[in-house]
Every structure is written in C-alpha cells, then in structure tokens.
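Q: Got a minute? I have a protein model open and I'd like to go through it with you.
A: Sure. Put it up and ask away.

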Amino acid sequence: MVGSDIIVFNFSGFCGLNMASAKSNNTNPTVLSRQLLKWFDANRRDLAWRTAPGVARDPYRVWLSEVMLQQTQVVSVTPYYLKFLKNWPNVHKLASADDDAVMVAWAGLGYYARARNLLKCARQVSLELDGVFPDSEAGLLALPGIGPYSAAAIAAIAFGRKAAAVDGNVVRVVARLDGLDRPPAKLKAKVGARVMGMVPKARPGDFAEACMELGATVCRARNPACDICPWLKSCHAGASATPEMWPVRSPKTPKPHRKGWVFWVERDGGEGVLLVRRPPKGLLGGMMGFPTTEWSTQAGTQSRNDEGLRLASQTLPKAGDWQVLEARIKHTFTHFHLELGVVRGRWAGAWRADEVPGGDWYRANELEKQALPSVMRKVFAVAQKQG
Ligand code: ADE
C-alpha cells in the first residue's frame, strides 16, 4: 500500500479509498452554491429554451420547456419544443389551438396527460389571467399540469424566485454529496431543505439549472464523472471508490405483465380503419387508438387464438372475417409490460356513428397524421406489414 492511503469500510459496507486528505469537507451552503455557479458559468449547455446569461426568460417558453422535460430527456424534448414554439409562439396562440393539432404535435413524446394539461393550462392563463403566468411557486402550482418540481423550476428560472426544484437527478446529486443513506422516495423533504439552503438570492434560476446540469452531465446515475465535479472535495460519495452506489436503491418490485387483444377493422371498399377515442380518464385517456379488450393481468388471456376470435366478435359484433395475426405487440408503460394479440376483421354492413362509441374511420394516410400513442403506432406497423 502506498503512503497514507488506508483501505476503509464505510458504513454502507463498501470498500473504498479513504480520500480524507483530498476532501476539504466544506459543506457550507454558500461555498457550495458559489462553486456550482462558477462551474455552470463555464460549462452550461446551450439548450433551445435557454437565453444568454443574464438575459430575462419568457415565462411561456420556460413553462413549455419544463412541462415537456417532465419525465423526458433534453435530447427528446428539443425538436418538440422548437415545433411547438414555431406553431404557437405565445400562450394565446396555444390557447386557441385545435386540440387535435396539439395532440398530433405532441405524439411520440409520451405521457399524453401532459399535453391535455398543457392546453388546459394555456387556456386558463390566456382567458383567466390575461396571458400572464403567476410569478410565485404557489400560484404556478395551482395551474393544471404543474407539480411541485415544475412550479419551483418555473418560479426560479422565469421569475427569479428562491425555490428548490428537486427532481430525481437533484436527489441523486445531494444524496451523494451528503452520503444520505435512504432510498430517493424517502429523501425528497431532506434534499429540498438542503437545496433551499444553497439557493442564492441573486441567481435562483441559474442555481436550479446548474443543479439539473450537474446531475445530467457529471453526477450521472451510472458512470459519474467525479474527476470534473465542482463538488468533489466536499462530496461523501466522491470520496468512495463506488460513488454510483448512492442513492441507495429500494428493492425493486417487478413490473406486472398485462395482456389483451387489439382489433384492426377495415371497411369494405378500402374506406379506412376503425379508430376509437379512449375514455377520458386513465392510461392514454382521450387518445385515439384501435379498439381493444381490457388489459388484464389474468393468466390465460391472449394465449389462445380462439379466445382472440371470440373476444373480437363480442367487442365488435358487426364485423366479421376475423383472423388472428401472428405478430404480438409488446410495449412497456411506466408501471407494467403489455402484450397485445392483433385480430384483423372487416366491417361488412352500413356504418352508424352511434354503433361504436367514439369510433370513426381513417384511411392509412390519415392514420399517419393522427396523434396515435406509441403502442398504437406499433399496432399500425404490424397490421400494415401483414396486410
Ligand atoms: N430538466 C428539467 N428542466 C431542465 C432545464 N431547464 N434544463 C435542463 N434540463 C432540465
């Protein structure tokens, strides 16, 4: 062993190099805040929604980007953000947009309730607040689709309010900094208070984005780049050989598997394919999709073709010529895995709008323009291929 390096076991039982000599142990919030902002000034990414340092931000753009960035990464959001801004450059324009046009522009970004709430929020701000976003965390939190994280981020970035924007990335950064030994879900309050203590009066928005930036580019979940971190000398995890072990993980509950059937129904004369609008509440609520059965965790569903044929006739008794396709659709949602069998059929008789609630016919080229959720796009691709 060289010099004064000592192998130690820390309280989590990891084996690490004791870097106490390299660690300044300065956990003072003002010092940490200054170090982080200095690093951010030199390393901030030039993202589509950011302005040059010191230039005020348009609350509409901040809000739009923060809603899109909920549960979605910067690279995926950027083209959508630019498209929305081009189509609807301010909150009044978005408020008067056609619902379907907004859903189509959102298609592919996922979590579609966000798009519906985005429109609701735009309409509320445009019609009830004269187009002016509230400038406080509490005021923002009262709007549709704005949760505690987004309210804090918008308040800080757009309005210079002192607010602690704490998402999963920030929890990870602080859990490592302070060596917090509990799973993320149990750390929100503690991390919120710690971050709040560091938010500088002068630059709360930059500080919020600096925390996000550090989590996204340096203090990554896997393979953190501790050697370039402005907080290395104060960081508990950075002093260990295994910084990625923080935050500690709660035991994973495996995602359940659900199964069901989806029905691709064509109308005689090639006039189109049947789509239905899904019920407004719940998963994919209000989205267009091909008719399906319930998605069930019950064993037995979808395992036999005769079951698919029986459920097809039961769900859409006016259609016939049913045929089960070979391919299976697999899709993973946040909370479960889904497997769908596809049954293809033909609508022979006349069509009355009330026969399938929320149903209508779309030609293939129109289908492409519909705001179909990803799982339904997979169905479309399979049916086209086997057509
Ligand atoms: N994630 C959430 N908000 C963000 C922002 N303003 N910049 C970069 N990443 C983000």
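Q: How much area do domain 1 and domain 2 bury between them?
A: About 680 Å². Of that, 54% is on carbon and sulfur atoms. Keep in mind that this is a predicted model.

Q: Why give an area at all?
A: The size of an interface is often given as the accessible area lost when the parts come together.

Q: OK. Which residues in domain 1 lose the most area to domain 2?
A: V104, Y112 and R116. Together they make up 56% of what the domain 1 side buries.

Q: Where do the two domains start and end?
A: The domain assignment puts domain 1 at 19–245 and domain 2 at 257–385.

Q: And how many residues does the contact take from each domain?
A: Seven from domain 1 and 13 from domain 2.

Q: How far apart are the C-alpha centres of the domains?
A: They lie 38 Å apart.

Q: Let's switch to helices. At what angle do α9 and α10 pack?
A: About 80°, with the axes 10 Å apart. Helix α9 covers residues 168–178, and helix α10 covers residues 188–198.

Q: Is that roughly parallel or roughly perpendicular?
A: Roughly perpendicular. Angles of 65 to 115 degrees count as that, so about 80° qualifies.

Q: Which residues meet there?
A: From α9, you have V170, V171, V174, L177 and D178. From α10, they meet K188, V191, R194, V195 and M198.

Q: How do those divide by class?
A: Seven are nonpolar and three are charged. None is polar.

Q: What about α1 and α10, how do their axes cross?
A: At roughly 75°, and they come within 8 Å. Helix α1 is residues 29–43. That crossing makes α1 roughly perpendicular to α10.

Q: Which residues are in that contact?
A: P29, L32 and S33 in α1 meet R194, G197 and M198 in α10. By class, three are nonpolar, two are polar and one is charged.

Q: Hang on, haven't R194 and M198 come up already?
A: Yes. Both R194 and M198 in α10 also meet residues of α9.

Q: Now strands. Do β6 and β7 run parallel or antiparallel?
A: Antiparallel. Nine bridges join β6, residues 319–332, to β7, residues 337–347.

Q: What joins β6 to β7 along the chain?
A: A hairpin, through four residues.

Q: And which residue in β7 does T332 stand opposite?
A: H337.

Technical notes
Residues numbered from 1 in each chain as written. Predicted model: local features only at pLDDT ≥ 70, side-chain atom pairs only at ≥ 80, totals over all residues. Heavy atoms only, no water. Axes fitted to C-alpha atoms, helices over the stretch in contact; angles between N-to-C directions. Helix = DSSP H or I, 4+ residues; strand = E, 2+ residues; numbered from the N terminus. Parallel < 35°, antiparallel > 145°, perpendicular 65-115°, else oblique. Contact = heavy atoms within 4.5 Å. Nonpolar A, V, L, I, M, F, W, Y, C, P; charged D, E, K, R; others polar. Pairing = 2+ DSSP bridges. Domains from an automatic or database assignment. Buried area = accessible area lost by both parts, 1.4 Å probe.
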